[in-house]
Amino acid sequence: MKVIKWLDEHFEEYILIGLSILTVMIVFTQVFMRYVLGESLTWSEEVARYLFIWMIYVGISYGVKKEKHLGVDAFPMLFEKKGKIIIDMIASFSFLLFAVIMTYYGFDIVLKVTRESAALELPLEWVYAAPVVGMILTSIRLIQKLVRLVNQLKTLNHPKFDKSEEQTDLQEEIV
């Protein structure tokens, strides 16, 4: 159970950190080789590009988890808390639908790819799998968010205390 909780909290973070470190090391090595040693690595640009592609799709999931994606705030500001939650649910469900469709068609593309990369001769299925994995992770995070939003909506509809008791307490404080 602790492992699952740790993965839930840190999975994307550690993948992104690892991919970032690898990308920086490869690019730094290429720059050093080219400008200091006068030699060049044939594979470094390709690997850095593929790592960056993976960072983008894993980063989408991380952005959903941290709720840091760009959004339009003007429309939800017109509503009270319940309306904002419902709008957030609609947006999250739409995003989930998009992620599921991307996963489905992305997986179909991965199965059809037969080419290899130019420098490394790496099967390009690994590169084309990035959107599939990223959208699966995104779907999981969106489902978690939708569950959280439904629970928030339930607590708004069924408060733990009666409002008449709250008003009575306020009236006693005033007197």
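**Exercise 1. Work out how far apart the mean positions of the positive and negative charges lie.**

Start with who counts: Lys and Arg are positive, Asp and Glu are negative, while His and the chain ends are left out. Next, pin each charge to an atom, namely NZ of Lys, CZ of Arg, CG of Asp or CD of Glu. That gives 18 positive and 21 negative charges, and their mean positions sit 1 Å apart.

Before going on, a word on the model: it is predicted, so local features need pLDDT of at least 70 and side-chain atom pairs count only at pLDDT 80 or more, whereas totals for chains, interfaces and linings use all residues. Residues are numbered from 1 along each chain as its sequence is written, and side-chain values use heavy atoms, with hydrogens and water left out.

**Exercise 2. Describe the fold and decide whether the protein is spread out or compact.**

First, the secondary structure: helices (H or I, at least four residues) and strands (E, at least two) are DSSP runs, numbered from the N terminus. You get five helices and zero strands, in the order α-α-α-α-α. The radius of gyration is 24 Å, well over the 16 Å that the globule rule gives for 175 residues, so the protein is more spread out than a compact globule. (That radius is taken over C-alpha atoms, and the rule is 2.2 Å times the number of residues to the power 0.38.) Then look at the extents: the C-alpha trace spans about 85 × 40 × 40 Å along its principal axes.

**Exercise 3. Find out how much of the protein is buried and how much area it exposes.**

Set the classes first: buried is under 20% relative accessible area, exposed is over 50%, and partly exposed is in between (1.4 Å probe, protein chains only). By that yardstick, 29% of the 175 residues are buried. For the area, use Shrake-Rupley with a 1.4 Å probe; for residues, only the protein chains shown count as cover. The protein exposes about 12,900 Å², with carbon and sulfur atoms supplying 67% of it.

**Exercise 4. Follow helix α1 from its kink to the residue after it.**

Helix α1 covers residues 2-37 and has a kink of about 60 degrees centred on H10. The bend at a residue is the angle between axes fitted to the seven residues ending there and the seven starting there. Now list the buried residues of α1: E12, E13, L16, L19, T23, I26 and Q30. Their cover includes α2 (44-66) and α4 (125-157). Zoom in on E13, which is buried at 18% relative accessible area. Leaving aside residues up to four places away in sequence, E13 touches Y62, K65 and K66, where contact means heavy atoms within 4.5 Å. After α1 comes G38, with a positive phi near 75 degrees.

**Exercise 5. Place V47 and name what it touches.**

V47 is in helix α2 and counts as buried at 17% relative accessibility. Skipping residues up to four places away in sequence, V47 touches I26 and L120.

**Exercise 6. Compare E67 and E121 by phi, place and exposure.**

Most residues other than glycine have a negative phi. E67, though, has a positive phi near 55 degrees, and E121 has a positive phi of about 55 degrees. Next, their places: E67 is in the loop between α2 and α3 (81-112), while E121 lies in the loop between α3 and α4. Finally, exposure: E67 is partly exposed at 47%, and E121 is exposed at 53%.
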